[in-house]
Amino acid sequence: MGNIINLNRFRKRAEREASAKRAEGNRAKFGRSKAERSAEEKREAQAKERLDQHRIEREEQP
């Protein structure tokens, strides 16, 4: 006879491994600290301000 395998244990282990992979992806995608988020927002605001400063405004001629 072959080895007896507990299918519930195998299924639960597979679910835990899949969950761990999904969690790792989510940490990479969403896992930024508050300091990192605020620094990114500050950089974006500065870039937008810098772009607006270089804008050439022209008067419309009727």
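Here is a friendly exchange about this predicted model.

Colleague: How many helices and strands are there in the protein?
Modeller: A word on the ground rules: this is a predicted model, where local features need pLDDT of at least 70, side-chain atom pairs count only at pLDDT 80 or more, and totals for chains, interfaces and linings use all residues. Residues are numbered from 1 along each chain as its sequence is written, and side-chain values use heavy atoms, with hydrogens and water left out. Helices (H or I, at least four residues) and strands (E, at least two) are DSSP runs, numbered from the N terminus. On that basis the protein has 2 helices and 0 strands.

Colleague: Thanks! Is the protein a compact globule or more spread out?
Modeller: The radius of gyration is taken over C-alpha atoms, and the globule rule is 2.2 Å times the number of residues to the power 0.38. For 62 residues that rule gives 11 Å, while the protein has 27 Å, well over it. The C-alpha atoms fill a box of roughly 95 × 30 × 10 Å along the principal axes. So the protein is, compared with a compact globule, more spread out.

Colleague: What percentage of the 62 residues count as buried?
Modeller: Buried means under 20% relative accessible area, exposed over 50%, and partly exposed in between (1.4 Å probe, protein chains only). Of the 62 residues, the share that counts as buried is 0%.

Colleague: How far apart are the end C-alpha atoms of helix α1?
Modeller: Helix α1 covers residues 7-30, which makes 24 residues. The expected span is 1.5 Å times one less than the number of residues, so α1 should span 34 Å. The end C-alpha atoms agree with this, at a separation of 34 Å.

Colleague: Which residue's side-chain oxygen reaches the backbone nitrogen of Asn8?
Modeller: This happens at the start of α1, where the oxygen comes to within 3.1 Å of that nitrogen. The residue that supplies the oxygen is Asn6.

Colleague: With which residue does Arg11 form a salt bridge?
Modeller: A salt bridge is a side-chain nitrogen of Lys or Arg within 4 Å of a carboxyl oxygen of Asp or Glu, and the whole structure has 4 of them. Arg11 is partly exposed at 38% relative accessible area, and its partner, at 46%, is partly exposed as well. The two lie in helix α1, 4 residues apart, about one turn of the helix. Their closest N and O atoms are 3.4 Å apart, and the partner is Glu15.

Colleague: What is the N to O distance between Arg43 and Glu40?
Modeller: Both sit in helix α2 (residues 34-53), and being 3 residues apart they are separated by about one helical turn. Glu40 is partly exposed, with 26% relative accessibility. The side chains meet in a salt bridge at 2.9 Å.

Colleague: Which residue is linked with Lys48 and Asp52 in a network of salt bridges?
Modeller: Lys48 and Asp52 are 4 residues apart in helix α2, about one helical turn, and their side chains meet at 3.4 Å, N to O. Lys48 is exposed at 54%, whereas Asp52 is partly exposed at 32%. The network also includes Arg55.

Colleague: Which residues make the nonpolar surface patch of about 370 Å²?
Modeller: Patches are made of residues with over 30% relative accessible area and no salt bridge: like charges are joined within 9 Å, nonpolar side chains (Val, Leu, Ile, Met, Phe, Trp, Tyr) within 5 Å. Accessible areas come from the Shrake-Rupley method with a 1.4 Å probe; for residues, only the protein chains shown count as cover. One member lies in the segment before α1 and is exposed at 59%. The patch is made by Ile5, Leu7 and Phe10.

Key. A polar contact is a pair of N or O atoms within 3.5 Å; within protein, one must be able to donate a hydrogen and the other to accept it, and residues adjacent in sequence count only if both atoms are side-chain atoms.
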